[in-house]
Amino acid sequence: MNEFKHFINGAYVASASGKTFENRCPVDNSLIGQVHEAGREEVDQAVNAAKAALKGPWGKMTQADRTAMLNRVAERINERFDEFLEAECRDTGKPYSIASHIDIPRGAANFKAFSETLANHPTEAFKLDTPDGLGALNVGQRTPKGVIAVISPWNLPLLLMTFKVGPALACGNTVVVKPSEETPATTTLLGEVMNECGVPPGVFNVIHGFGPNSAGEFLTTHPLVNAITFTGETRTGEAIMKAASVGLRNISMELGGKNPAIVFADCDLEKAVEGTMRSAFVNCGQVCLGTERVYVERPVYDAFLKRMKEQVAKLKLGRPEDPAANFGPLVSLEHRNKVKYYYDLAVEEGATVEIGGGIPDMGEEMNAGAWIEPTIWTGLSDDARVIREEIFGPCCHIRPFDTEDEAIQLANDTEYGLAAAIWTENSSRAIRVAEQIEAGLVWVNSWFLRDLRTAFGGAKQSGIGREGGVHGLEFYTELKNICIKL
Ligand code: NAD
């Protein structure tokens, strides 16, 4: 049985209150650990440790030394790969075959990529002409913002948390992380790695707990937190934005999505099917960038739907360690209840269930877990709730369209704007359509092909701000202009 404590000032500490909550594995709902729940006291300790560390050796370190240290963190995660993999898969139930390709390597890469990108970014300088002819030199200086609160979700726990912690530390900040209550393991383990790599105490802190009236709220309302970076649901983002307004703290928000895919008749159908299968079903559909609405040009609609159903039927549900499994359970029974609610709602709203729609029989032990069938619907109207609300499960609705304009209008008919995928072999059309899609990320003939140097974030209700590459500099640093009269 694991015991997950907070990681504060370089040491693991229990909650003073002794309060803990259960950590269960979604594969069979078995109890795998007890997690300490932070009260105001632990949150205060963590934030104060982070504040103090800004003035310690970390604050005096050169950019080159910091980069080397963060590269070492990336290497150490890779050296302890199997431990991270096992911890992540136990918490989430996801197949090793997926986490070993995405979660853990990308979790490590976030430390290397951002420290190198940010270290190599040039400083801004402008020479200003002045009446005396001597001029003035303007030099931009970037300084760390201070203590950054990092609040992360459960779907890609290590990857999404390090996507924030990597650039935050690369810019010289210190962090207090609150991982999702569902997935405390890899964030806790990262504390050990920080110590092994010589990261000074107080630079990386972890507190566990829930959102409202718990660690999340205590952290986001703490007056010594300088900025808050959050990944999670849009409604939670609204609550955090309110908390951040006190003291006018900066925020960065990566929120929900209801992402469309547009499949044109001139696409490579096999590639479109393969890509849409991944975008709708990988990680049991629990990917913010995942596709839940698929629009297919009428001449290839029947063929596309048929191929998708054939591929869904081949998905292999199984335990994380089963090498043949490519489909795990949802993260928790609570989330399964939410997804199943939408499965039932789809039927009420008049959907044709093309495949799936229920809870699979996984055998005695696993039937206690959070399993759900991968599902395809057709026939829903464009204003159905299943079409408009984020489900965050392994499901998509497929609908035909007749013209390019119609496809664009349908894709944009949502309050969200995170990601979209376009499938066509006509590059002029690809660019024309991509330019009109209201989203932060558009993929053409691919999905989730990520270059960490590029901007990441959502439009509309899918987020505020951009991170990734040098874009993180805007959030994680203060840009000071120093004007020197010559
Ligand atoms: P969630 O919003 O329920 O929780 C995210 C985190 O916020 C958790 O750590 C939770 O404890 C904390 N939290 C909840 N209420 C809080 C409060 N009032 N104050 C402070 N913290 C609080 O999200 P989730 O269910 O863990 O994750 C799924 C959601 O995340 C989906 O909507 C998905 O689209 C979104 N997501 C977005 C991206 C992106 O990059 N845009 C990436 C992954 C997930």
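## Exercises on the ligand site

A backbone N or O atom of Ser152 lies 2.8 Å from an oxygen atom of the ligand. The exercises below concern this ligand in a predicted model.

**Exercise 1.** Determine which side chains place a polar atom at 2.6 Å and at 2.5 Å from an oxygen atom of the ligand.

*Solution.* Begin with Glu181: an N or O atom of its side chain is 2.6 Å from a ligand oxygen atom. Continue with Glu390, where a polar side-chain atom lies 2.5 Å from an oxygen atom of the ligand. Because a polar contact is a pair of N or O atoms within 3.5 Å, the Glu181 pair meets the cut-off.

**Exercise 2.** State where the ligand sits and how many residues surround the ligand.

*Solution.* First, locate the site: the ligand occupies the largest pocket. Next, count the shell, which holds 30 residues. Glu181, Thr236, Leu255, Cys288 and Glu390 are the closest of these. Finally, sort the shell by class: 15 residues are nonpolar, nine are polar and six are charged.

**Exercise 3.** Identify which helices and strand each supply at least two residues of the shell, and which domains contribute at least three.

*Solution.* Three elements meet the first criterion: helix H9 (215-220), strand E11 (227-231) and helix H10 (234-245). Among the contributors, H10 gives the largest share, with three residues. At the domain level, at least three shell residues come from each of domain 1 (2-255 + 462-485) and domain 2 (259-450).

Methods:
Residues are numbered from 1 along each chain as its sequence is written. This is a predicted model: local features need pLDDT of at least 70, side-chain atom pairs count only at pLDDT 80 or more; totals for chains, interfaces and linings use all residues. Side-chain values use heavy atoms; hydrogens and water are left out. A residue is near a molecule or strand if one of its heavy atoms lies within 4 Å of it. A polar contact is a pair of N or O atoms within 3.5 Å; within protein, one must be able to donate a hydrogen and the other to accept it, and residues adjacent in sequence count only if both atoms are side-chain atoms. On a 1 Å grid over the protein atoms alone, a cavity is a set of points where a 1.4 Å probe fits but cannot get out, and a pocket is an open set with protein on both sides within 12 Å along at least five of seven lines; lining residues have an atom within 4 Å of a point. A molecule sits in a cavity or pocket if more than half of its atoms lie within 2 Å of its grid points. Helices (H or I, at least four residues) and strands (E, at least two) are DSSP runs, numbered from the N terminus. Ala, Val, Leu, Ile, Met, Phe, Trp, Tyr, Cys and Pro count as nonpolar, Asp, Glu, Lys and Arg as charged, and the others, Gly among them, as polar. Domain bounds come from an automatic or database domain assignment.
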